[in-house]
Amino acid sequence: MAQFMSKVALVTGGASGIGRATVLAFAQHGAKVVVADMDEAGGNETVALARAANTDALFVRTDVSQAAQVQALIAAAVEQFGRIDFALNNAGIAGNQALLADYPEESWDRVIDINLKGVWLCMKYELQQMLKQGGGVIVNTSSTAGQSGSRGVAAYVASKHGVVGLTKAAALEYARKNIRVNAILPGTIHTPLIDTFTGGDDRIMQQFVEAEPIGRLGRPEEAANAVIWLCSDGASFVTGATLAVDGGRLA
Ligand code: NAD
């Protein structure tokens with residue numbers, strides 16, 4: 001079980017949902033964990049859960065859209081644990097829902113800043129550290145919306161397509177540096193983010209369920225399992241890949 005003993009894993013958006021589930025999965029596999037999020041209460045709660053699973057854990061309050069904060073996050077992680085073996089760049093927001101011609105510019109900027117620029121900034125400073133230490137694995141959280149369109153969330157769709165592009169570009173640039181870079185494409189996973197899409201409307205939730213060929217929403221742990229595998233030696237020849245964790249939706 002302890003396949004990641006003495007490894008260090010960093011997860012952005014680790015205060016909730018897929019991020020928290022992945023932090024706990026890393027902890028269960030023996031890794032030390034660094035939780036980054038804007039949500040201090042949720043981040044500290046994740047750290048407490050990780051420590052309860054008997055691992056060292058650190059919370060660093062971070063807005064991933066701010067370069068100085070991301071740089072400080074990486075520095076804090078290295079100061080505390082000496083290295084970063086795995087990074088899940090996962091912090092993201094849904095943004096407003098509106099047709100493209102009516103989409104508010106402010107929401108566009110926020111979604112792109114967090115979901116796309118935030119992933120680039122995290123990769124930039126993680127890669128600098130991974131190059132120094134001689135390797136590492138990066139996983140970015142894209143979405144099925146990184147491969148197919150969806151009405152009413154153009155900024156989100158564009159940001160998640162962008163994450164796939166960043167993943168492929170980085171995979172090629174660092175393939176000979178012992179650094180693998182992949183993306184997961186979750187389908188609808190039951191997290192607080194989904195509640196912002198449905199607005200608590202049961203009919204919309206039912207539509208989400210029906211859109212999943214498997215006939216149910218995914219669990220955060222199911223997305224986390226894919227991240228764990230991508231970070232493991234079992235995925236040693238996998239880089240630049242997009243792994244759908246979507247109950248068959250993209251099929
Ligand atoms: P969530 O809302 O439960 O978690 C997202 C976390 O990101 C929150 O803790 C939030 O505080 C944090 N965050 C938001 N903005 C931030 C910022 N600027 N800096 C640092 N942290 C920030 O949502 P989730 O469903 O777990 O989503 C995680 C990722 O998975 C997102 O990138 C999302 O787009 C993606 N995703 C989710 C689904 C799904 O169905 N839940 C599907 C596909 C992709």
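## Pockets and a ligand: worked exercises

In this predicted model, the largest pocket has a volume of about 1,100 Å³. A total of 49 residues line it, and A94, Y156, L193, I194 and F197 are the closest to its centre.

**Exercise 1.** Work out which helix gives the most to the lining of the largest pocket, and what classes of residue are found there.

*Solution.* Start with the elements: α1, β2 (32-37), α5, α6 and α7 (202-211) each supply at least two lining residues. Next, pick the top contributor, which is α6 with 5 residues. Finally, sort the lining by class: 22 nonpolar, 21 polar and 6 charged.

**Exercise 2.** Find where the ligand sits and which atoms it meets there.

*Solution.* First, locate the ligand: the space it takes is the largest pocket. Then look at its shell of 29 residues, where S16, D37, Y156, I189 and T191 come nearest. Now check for polar contacts, using a cut-off of 3.5 Å between N or O atoms. The side chain of S16 has an N or O atom 2.5 Å from a ligand oxygen, and the side chain of D63 has one 2.9 Å from a ligand nitrogen. N90 joins in through its backbone, with an N or O atom 2.8 Å from a ligand oxygen. Last, see how covered the ligand is: alone it exposes 830 Å², and the protein buries 92% of that.

**Exercise 3.** Describe the second largest pocket.

*Solution.* Begin with its space, about 390 Å³. Of its 20 lining residues, G136, V137, N178, R180 and D233 are closest to the centre. Then add the strands: β5 (136-141) and β6 (179-186) each supply at least two lining residues.

Definitions and conventions. Residues numbered from 1 in each chain as written. Predicted model: local features only at pLDDT ≥ 70, side-chain atom pairs only at ≥ 80, totals over all residues. Heavy atoms only, no water. Near = heavy atom within 4 Å. Polar contact = N/O pair within 3.5 Å; in protein donor to acceptor, adjacent residues only side chain to side chain. Areas by Shrake-Rupley, 256 points an atom, 1.4 Å probe, with all protein chains shown as cover. 1 Å grid on protein atoms, 1.4 Å probe; cavity = no way out; pocket = protein on both sides within 12 Å on 5 of 7 lines; lining within 4 Å. Sits in = over half its atoms within 2 Å of the grid points. Points joined across faces, edges and corners; volume = space filled by probe spheres on them. Helix = DSSP H or I, 4+ residues; strand = E, 2+ residues; numbered from the N terminus. Nonpolar A, V, L, I, M, F, W, Y, C, P; charged D, E, K, R; others polar.
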